[in-house]
Amino acid sequence: MDESIRINKYLSESGVCSRREADRLIEAGKITVNGVTATCGMRVVPGDDVKVEGRSVNNDTTPVVLLYNKPLGVVCSTAEKDNIVDYINYRERIYPVGRLDKNSTGLIFLTNQGDIMDALLRAANYHEKEYHVVVNKNIDKELIEGMRRGVPILDTVTRPCKVNVINNREFNIVLTQGLNRQIRRMCDYYDYRVTKLNRIRIMDYTIGTLKQGDYIEFSEKQIANLRKKLGI
């Protein structure tokens with residue numbers, strides 16, 4: 001019987017990172033199997049020595065979930081230098097769930113649990129993410145109504161969004177998908193430039209008084225509650 005599985009699935013089930021992040025790390029040459037640099041689609045079997053950035057994968061790692069308020073200028077991709085993981089310098093290896101671009105701030109989960117990563121990233125789950133947005137000129141009706149209906153970007157049309165106007169140049173928007181630089185592209189479609197973008201809520205987890213550069217470390221009970229919310 002073939003006990004082999006794809007390496008990205010192995011890393012996800014081991015709680016190392018999501019499959020998507022595993023593929024990025026493989027492409028960056030940061031994963032080895034029995035001393036050989038891994039390739040996309042590679043399969044592993046029990047007993048293989050799998051290492052991520054020189055560290056052996058341990059299937060018995062203690063579950064970790066952090067909710068972090070990312071400052072401006074921090075990069076989320078772990079394939080780049082001076083990234084979010086290096087910035088936090090947590091005692092155990094963790095990975096960001098999705099991305100906030102370098103010029104955006106706000107909430108992002110980090111974890112060593114692959115199933116939590118995959119559930120949070122799965123667009124079909126329609127998890128809400130709310131952002132506070134500031135643009136470079138006065139907001140008009142076309143922008144707001146267009147975002148509420150859906151905007152044609154990246155060869156698709158965005159899902160309808162909830163939008164709450166705060167003043168002439170600020171609004172809050174709720175997304176249920178995570179296209180690349182989605183809000184910036186949506187605004188650009190209507191000839192607006194985003195000057196400030198801050199994620200203030202993920203599901204029912206809000207930024208509250210959490211300062212930039214700080215994080216909340218979930219307890220075992222809080223992790224179990226998150227899993228329940230995610231249906232895993």
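Are Phe109 and Phe218 buried or exposed? Both are buried, where buried means under 20% relative accessible area, exposed means over 50%, and partly exposed falls in between (1.4 Å probe, protein chains only). Keep in mind that this is a predicted model: local features need pLDDT of at least 70, side-chain atom pairs count only at pLDDT 80 or more, and totals for chains, interfaces and linings use all residues. Residues are numbered from 1 along each chain as its sequence is written, and side-chain values use heavy atoms, with hydrogens and water left out.

**View 1. Phe109 meets Phe218 in an aromatic pair.** Rings of Phe, Tyr and Trp (its six-membered ring) pair if their centres lie within 6.5 Å; planes under 30 degrees apart count as stacked, over 60 as edge-to-face, and the rest as tilted. Here the centres are 5.9 Å apart with 80° between the planes, an edge-to-face pair. Phe109 comes from strand E9 (residues 105-111), while Phe218 sits in the loop between strand E17 (215-217) and helix H7 (220-230), 109 residues apart. (Helices, H or I with at least four residues, and strands, E with at least two, are DSSP runs numbered from the N terminus.) Add Tyr205 and you have one aromatic cluster with Phe109 and Phe218.

**View 2. Tyr189 and Tyr190 pair up too.** Their ring centres are 5.0 Å apart and their planes stand at 80°, so this pair is edge-to-face. Tyr189 is partly exposed at 45% relative accessible area, whereas Tyr190 is buried at 14%.

**View 3. Two charged side chains sit over rings.** That label applies if NZ of Lys or CZ of Arg is within 6 Å of the ring centre and within 35 degrees of the ring normal. The charged end of Lys137 is 4.8 Å from the centre of the Tyr192 ring. Arg159 lies over the face of Tyr126, 3.7 Å from the ring centre.

**View 4. Here is the largest nonpolar core, with 35 residues.** A nonpolar core is a set of buried Ala, Val, Leu, Ile, Met, Phe, Trp, Tyr and Cys residues joined through side-chain atoms within 4.5 Å. Ile7, Leu11, Ile31, Val50 and Phe109 have the most contacts inside this core, and helix H4 (residues 114-121) gives the most to it, with four residues. A second, separate core has 34 residues, including Val74 and Tyr131.

**View 5. Lys129 belongs to strand E10 (residues 129-135).** Leaving aside neighbours within four places in sequence, Lys129 is in contact (heavy atoms within 4.5 Å) with residues including Ile173, Leu175 and Arg201.
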